[in-house]
Amino acid sequence: MKILGVHIGHDSSAALIVDGRIVADVAEERFNRIKHYCGLPIRSIDYCLRSENLTMDDIDIIAIPSIFTIPDLNFLFNLKGSRREFKTRKRQMLDALDTIWKKPGLKPPLYIKTFEIGRNTEIVHVEHHLAHAASAYYTSGNADKQLIVTMDGVGDGKSIVLWRGEKGKIERLKDFSGSASLGWFYSNVTEALGWWHGDGEGKTMGLAPYGDIQKVKGVLDAYYPKFSNGELIEPHDFGRNYFWNENGAIQWHFEGANEIKKLVSKHGREQIAAEGQRVLEEQAFEIIFPWLEKEKIKNLSCAGGVFLNVKLNQRIWDSGRVERHIIYPNAGDSGLAVGAALYAYYSNNPHTQIYNLDNLYWGPEYSEKEMEECLKLRNISYERIDDVEAFTARQLADNKIVAWFQERMESGPRALGNRSILMSANNPENKDIINARVKFREPFRPFCPSLLWEKQEEYLENPRDEFFMITSFTCKEARRKKVPAVVHADATLRPQTVKKEFNKRFWNVIDEFGKLTGEYLILNTSFNIMGEPIINHPREAIRCFYDTGLDCLILGNFVLTKENKGGE
Ligand SMILES: [Fe+2]
């Protein structure tokens with residue numbers, strides 16, 4: 001059975017599930033280079049089909065992670081009037097974005113590719129939060145009873161939903177509307193600090209450890225919904241909000257952020273970030289732990305944009321109240337295409353085994369021939385090295401900044417060793433060096449490590465398998481000074497533990513680096529220019545290489561350096 005998941009909205013994406021296994025997943029931003037792109041995922045659908053040599057006629061189900069029919073959908077699949085019966089409840093906000101060529105009766109322009117769906121293809125709508133829940137449960141590795149918690153800003157009118165996953169089925173336990181949104185609260189704090197909703201929340205989280213909670217505890221009391229014992233006891237009126245389409249992405253503004261901004265001026269940015277983080281953790285605990293007790297389980301699965309907050313995830317794990325903690329790593333809305341498609345699959349095949357998520361390498365890959373053509377076309381000198389892993393490790397041991405481009409691109413917001421910028425974490429100044437020369441990020445933001453799975457006990461307190469950088473851990477005290485470039489102000493790090501069987505090349509690089517330096521851990525940050533999506537194509541890798549202070553680019557087995565080029 002072949003199922004195409006199609007998410008149209010913030011972080012538009014498409015995914016392909018074949019017989020229950022995820023075989024392709026990509027966000028449209030990776031193709032059109034517009035971060036958080038909210039339009040039609042045309043190139044993503046095209047990629048999903050091409051990756052398996054399929055046409056739309058081969059697709060059994062198109063799964064849409066929304067209860068709403070939006071005009072874009074009719075347009076995308078070139079649907080006319082009664083050809084397909086949609087479960088339309090109401091037209092949502094995207095109506096406001098409608099343009100003349102999407103009006104009924106008008107055909108799409110010829111220069112836009114649409115997809116003629118197969119005669120027998122069924123279209124199913126999966127509620128937004130149910131798609132989030134499915135992404136976590138159906139990749140959790142077991143069908144045992146588990147509490148599934150989904151939290152985001154708002155999706156299909158809900159902000160938080162609690163589910164029971166059991167025997168391959170997902171059952172709704174409780175849901176909360178927008179007046180309970182902890183996601184909107186955290187985004188308001190983010191906006192008050194000067195960053196975008198749906199983009200800058202990680203910066204708020206990174207800034208939080210620099211604040212002193214004791215000095216500001218309670219100052220945000222008027223700005224968030226309150227929970228007790230798993231129930232909403234004080235809804236919050238978030239007031240008016242505005243959204244608009246800016247360069248292809250949705251941007252939001254909430255009036256509530258204006259009030260919080262006054263507190264930022266009064267108390268300082270670090271303090272408000274710290275208090276925002278404290279409140280998020282406190283309120284999330286008031287929902288999650290009582291429901292675990294009610295359900296009498298310690299098996300928790302999570303998804304939705306709030307769970308991109310790695311500190312919240314760490315606090316849940318470190319509480320000791322959870323024995324098994326799964327977070328779908330592509331927790332934001334770009335993970336909805338996978339979630340909707342998985343839900344559609346298991347609805348039709350409820351007894352299929354639930355697989356353990358072992359990788360996210362579901363994006364495009366480029367052959368050696370394509371890479372070499374790309375280099376030749378640009379008249380770039382390069383060399384081909386068989387053992388690029390050992391070469392890369394030596395470069396890193398020499399404190400070089402290396403861009404590492406291999407095989408299939410990662411899904412989700414984290415680079416996991418196929419589209420990564422790497423550097424030694426052993427020198428405290430490397431964070432500043434990489435910021436000054438390549439990433440240009442705010443100086444307080446931490447960089448993350450990739451380390452050998454076999455060595456996790458040496459670096460992490462209270463470790464567990466963490467393949468996707470979705471939870472932080474406290475760094476063992478003895479190691480903090482050894483890898484200072486990736487240890488945050490609160491002594492935590494957000495690791496990817498690398499198993500040889502999941503990514504042999506990347507594992508070899510870290511292993512070789514360990515043999516040279518004694519540390520089986522390296523700094524790994526996403527391969528992109530600031531403000532742009534993660535790199536997809538070799539030409540973008542080359543562009544980034546020459547537009548930044550990167551020392552070395554490893555493109556498959558091809559090596560580009562800037563040494564001996566005009567006396568650099
Ligand atoms: Fe969502």
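## The enclosed space

The largest cavity has a volume of about 80 Å³, and among the 13 residues that line this cavity, the closest to its centre are Asp358, Tyr361, Phe467, Gln496 and Phe502. The model in which this space appears is a predicted one, and the count of cavities of 30 Å³ or more in it comes to one. When the residues of the lining of the largest cavity are sorted by character, seven are nonpolar, four are polar and two are charged.

Aspartate 358, listed among the residues closest to the centre of the cavity, also has a link in space to a distant part of the chain: its C-alpha atom lies 9.6 Å from that of glycine 141, although the two residues are 217 residues apart in sequence. Glycine 141 itself is found in the loop between α4 and β6, and it counts as partly exposed because its relative accessibility is 29%.

## The iron site

Which residues coordinate the iron ion? The ion is held by His128 and His132, each through its NE2 atom, and by Asp152 and Asp333, each through an OD atom, at 2.1 to 2.3 Å. Along the chain these donors follow the spacing H-x3-H-x19-D-x180-D. Within this set, histidine 128 in helix α4 (residues 128-137) and aspartate 152 in strand β6 (residues 146-155) form a pair that links distant parts of the chain, 24 residues apart.

Are histidine 128 and aspartate 152 buried or exposed? Histidine 128 counts as buried because its relative accessibility is 6%, and aspartate 152 is likewise buried, with a relative accessible area of 6%. The angles among the four donor atoms of the iron ion run from 87 to 167°, and the site is irregular. For reference, the ideal angle for four tetrahedral donors at a metal is 109.5 degrees.

## An open sheet of eight strands

Eight strands make up an open sheet with mixed pairing, in the order β15-β24-β23-β16-β17-β22-β18-β21. Strands β15 and β21 (496-498) stand at the edges, each with a single partner strand, so one side of each is left without a neighbour in the sheet. In general, the strands of a sheet pair through backbone hydrogen bonds, and they may do so either parallel or antiparallel.

Starting at the β15 edge, strand β15 (residues 383-384) runs antiparallel to strand β24 (residues 558-561), and two bridges join them; here arginine 384 stands opposite phenylalanine 558 in β24. Strand β24 also pairs with β23 (residues 552-555) in the antiparallel sense over four bridges, and in this pair isoleucine 554 stands opposite valine 559. The strands β23 and β24 form a hairpin with two residues between them, and glycine 556 in the turn has a positive phi of about 65°. Strand β23 pairs with β16 in the parallel sense, again over four bridges, with alanine 403 opposite leucine 553 in β23.

Glycine 412 lies in the loop between β16 (402-405) and β17 (419-424). This glycine is buried because its relative accessible area is 10%, and its C-alpha atom is separated by 16 Å from that of leucine 342, which is 70 residues away along the chain.

## A second hairpin and some positive phi values

Strands β7 (residues 158-166) and β8 (residues 169-176) run antiparallel and are joined by seven bridges, with valine 161 standing opposite aspartate 175 in β8. These strands form a hairpin with two residues between them, and lysine 167 in the turn has a positive phi of about 50°. Most residues other than glycine have a negative phi.

Two further residues that are not glycine also have a positive phi. Aspartate 19, in the loop between β2 (13-18) and β3 (21-27), has a phi near 50°, and it counts as partly exposed because its relative accessibility is 46%. Asparagine 53, in the loop between α2 (42-51) and β4 (61-64), has a phi of about 55°, and it is exposed, with a relative accessible area of 71%.

Technical notes. Residues numbered from 1 in each chain as written. Predicted model: local features only at pLDDT ≥ 70, side-chain atom pairs only at ≥ 80, totals over all residues. Heavy atoms only, no water. Donors = N, O, S within 2.8 Å, 3.2 Å for Na, K, Ca; no water. Tetrahedral: all angles 85-135°; square planar, octahedral: opposite > 155°, others 65-115°. Buried < 20%, exposed > 50% of the residue type's maximum accessible area, 1.4 Å probe, protein only. Pairing = 2+ DSSP bridges. 1 Å grid on protein atoms, 1.4 Å probe; cavity = no way out; pocket = protein on both sides within 12 Å on 5 of 7 lines; lining within 4 Å. Points joined across faces, edges and corners; volume = space filled by probe spheres on them. Nonpolar A, V, L, I, M, F, W, Y, C, P; charged D, E, K, R; others polar.
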